[in-house]
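I opened this entry to record what I looked up in the model, beginning with how helices sit against a sheet and ending with the whole chain.

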Amino acid sequence: MKFQIEDVTVYFPYDNIYPEQYSYMIELKRALDAKGHCLLEMPTGTGKTIALLSLITSYSLSKPQSQVKLIYCTRTVHEMEKTLAELKLLHNYQIKHLGPAARILAIGLSSRKNLCVNPTVLAAENRDSVDAACRKLTASWVRAMAAENPNVPTCEFFENYERAASAAVLPPGVYTLQDLRAYGKETGWCPYFLARHMVQFANVVVYSYQYLLDPKVAGIISKEMQKESVVVFDEAHNIDNVCIEALSVSVRTKTLDGASRNLSRITQEIERFKATDAGRLRAEYNRLVEGLAHRGNLGATDTWLANPALPDDILKEAVPGNIRRAEHFLHVLRRLVQYLRGRLDTENVEKESPINFVASLNTHAGIDQKTLKFCYDRLHSLMLTLEITDTDEFLHIQTICDFATLVGTYSRGFSIIIEPFDERMPHIPDPVLQLSCHDASLAIKPVFDRFQSVVITSGTLSPIDLYPRLLNFHPVVSRSFTMSLTRDCICPMVLTRGSDQLPVSTKFDMRSDPGVARNYGKLLVEMVSVVPDGIVCFFVSYSYMDGIINSWNETGVLKDIMQHKLVFIETQDVVETTLALDNYRRACDCGRGAVFFSVARGKVAEGIDFDRHYGRLVIMFGIPFQYTLSKILIARLEYLRDTFQIKEGDFLTFDALRQAAQCVGRVIRSKADYGMMIFADKRYSRHDKRSKLPGWILSHLRDANLNLSTDMALHIAREFLRKMAQPYDKTGSGGRKTLLSQEDLEKMAENGVQEMLY
């Protein structure tokens, strides 16, 4: 269908549209017109992705003079593929209506591991090894050697791509990672470098958050993007944590040992070069005198990760004299590693600010702040001069230099925390030095400054007013949408006590109470006998899940559950969990029914959907608070309180409830779907906790369901399932329509939008 939103003709590839998709598009258009940033919370399963894609592509089609480029950021490769598949459908629809004028180029960009087509490179097991294997075949000096000596191995795909030179372009179309690989095999060009080259010409680019938020990667991939771009962060409820991880570094004894090995290997290389090619080292020295900005443009294969610190002004300075010569620089690094080793050898937990750390480093090891700032770039320059290709061997020394540069650059928003052992296992010495970032706005600020519109959207952004404070920006539009439903297909309940009327909770003082474990077990046993197909249970942590399952096993609860359904458990091993999920789905498909035990904040809670019969009920045992004794968390809470006036309790509750909402939101994936959610903890009945759940869940939470015991919850579940079994009218009966056709939209345009939507 196609319809007008003010001056934009929107092409939408389906025959009907949900009212909330329509209002979402109106708000999104307001933000684009105002060239500002927006925050939009839209319930899961209401077609957020297609609404975003169709409005933004239609917007740039209707305003050909201002070419808007869309940069769409997803969290996982799986989500990226889903987004590109939706876009393909939309693109075909637009071409059908508009002809060749609607052609666009849309590509997904991922690491070499997901795009490489060279079988020898792909044999490496992890991402870093694949990158290194690729460099061994494509670095400029390797190719120069191969030109003289035909026995030196190179990559035929890259050679073909280089030979094609400016002819190596992608024809317009929508390319998923699979399509890029297929196209690469067909033409014989390297899909990874082709995609990286085409990013600057594409109308739509889909890639991971890191490519914009992690300055080491963004400096290479995203520096070409023009200002007129619209950036979308999808599923962005955890965006503050992604920003913080991008700027945090932890150093362990293992890292320091590895760094020492790297340094001795670099020393050998320098000695070798002095003997054979001293001119190269001298040329590098002269280059560094002129400053890093004059490094010249490196070929695409030689660029490594960019500087982790953000300011540009550094690059115009000359590199400090004491690290220009390669051997002097190595002395500085050795002293730094030695100093860090001394700091790790401690009995107590220590915490200090970067300013104090740098001052103490200066007194003990004689390394000043300016030298630290340049460590990362100086190492990069040295590795290029020494023609080192197996970069995966040098990850440890990169970590140390990354740490040094961040410590030398930032004075606020960070702290350095040294812990001699993990508090949960105090008898095992495992010292770690962490540079932890507390301010999420540091990593995302360049994105807000550079692009005209940034859209942050997810199914759980409640309370929505906390995000602008955490990320320190001013959205022009900030809206939370509710779900328009023809029938009440979501049934949230708050269970506060067991059938013996004892309160249930995972509060620290009640956690080990056998009565709580018994009541939780009883709840699950009752539910498996009533609810068909799949049930998903979320626990607050792995250790708590293990404890509960053990006690259920001893008391025979598991045996009772097994009589009705099979049990599958998520572990910390990815392969095991994938296998368990697969079998869980098979058990649901064949009608045996299954229960899946999982952990909030785990892999499953974030990206796996339990739609249709795979999830008819989800139980959240407890409230998934973070481990509140963690030193890093305490430091971050202090910073948030002092800088943004966010109270500790508010932040912890907000963080726990967005995780809980993320877990229970897994069951509803479309409007035809139905499912129940049980929040099993007495604390959910308190208004200050409950009110932080997303609006679309709260609007279905009746007062009668707020303070239930097991037997009452069982009764409600039976009633609900009986009601869901009745046939219903999908388009919405009575006054409120939940599926709008093209005529409805035209009528709405005449009568004014309001009366139709509300």
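I began with helix α23, residues 542–555, in this predicted model. I found that helix α23 lies across β16, β17, β18 and β19, and that its direction makes about 140° with that of β18, the strand of residues 594–599. I then turned to helix α28, residues 648–664, which packs on the sheet and touches β16, β19 and β20, the last of these spanning 675–680. For the direction of α28 relative to β19 I noted about 155°.

Next I asked myself in what order the strands of this open sheet follow one another. I read the order as β17-β18-β16-β19-β20-β15-β21, which makes 7 strands with parallel pairing. At the edges I noted β17 (566–569) and β21 (708–709), and since each has a single partner strand, one side of each is left without a neighbour in the sheet. As a reminder to myself, strands of a sheet pair through backbone hydrogen bonds, in either a parallel or an antiparallel way.

I looked at one pair of this sheet in detail, namely strand β16 (residues 534–539) and strand β19 (residues 617–621), which are joined in the parallel sense over 4 bridges. Within that pair, I recorded methionine 620 of β19 as the bridge partner of phenylalanine 538.

Strand β7, residues 204–208, was my next stop, and the point to settle was how many of its residues are buried. The count came to 5 of the 5 residues, so I wrote β7 down as largely enclosed by the rest of the structure, taking buried to mean under 20% relative accessible area. I then listed pairings of β7: strand β4 (residues 69–74) runs parallel to β7 with 5 bridges, and strand β5 (residues 105–108) is joined to β7 by 3 bridges, also in the parallel sense. For single bridges, I noted that threonine 74 is matched with serine 208 of β7, while alanine 106 is matched with valine 204 of β7.

Last, I stepped back to the whole protein, where I counted 33 helices and 21 strands. The radius of gyration is 28 Å, close to the 27 Å that the globule rule gives for 758 residues, so I consider the protein as compact as a globular protein of that length. Along the principal axes, the C-alpha atoms fill a box of roughly 85 × 70 × 50 Å. I also noted that buried residues make up 58% of the 758, and that the protein exposes about 31,500 Å², of which carbon and sulfur atoms supply 51%. Among contacts between residues at least 6 apart in sequence, I found that 79% join residues at least 24 apart.

How values were computed. Residues are numbered from 1 along each chain as its sequence is written. This is a predicted model: local features need pLDDT of at least 70, side-chain atom pairs count only at pLDDT 80 or more; totals for chains, interfaces and linings use all residues. Side-chain values use heavy atoms; hydrogens and water are left out. Two strands pair if DSSP finds at least two bridges between them. Helices (H or I, at least four residues) and strands (E, at least two) are DSSP runs, numbered from the N terminus. Contact means heavy atoms within 4.5 Å. Axes are lines fitted to C-alpha atoms, for helices over the stretch in contact, and angles run from 0 to 180 degrees between N-to-C directions. Buried means under 20% relative accessible area, exposed over 50%, partly exposed in between (1.4 Å probe, protein chains only). The radius of gyration is taken over C-alpha atoms; the globule rule is 2.2 Å times the number of residues to the power 0.38. Accessible areas come from the Shrake-Rupley method with a 1.4 Å probe; for residues, only the protein chains shown count as cover.
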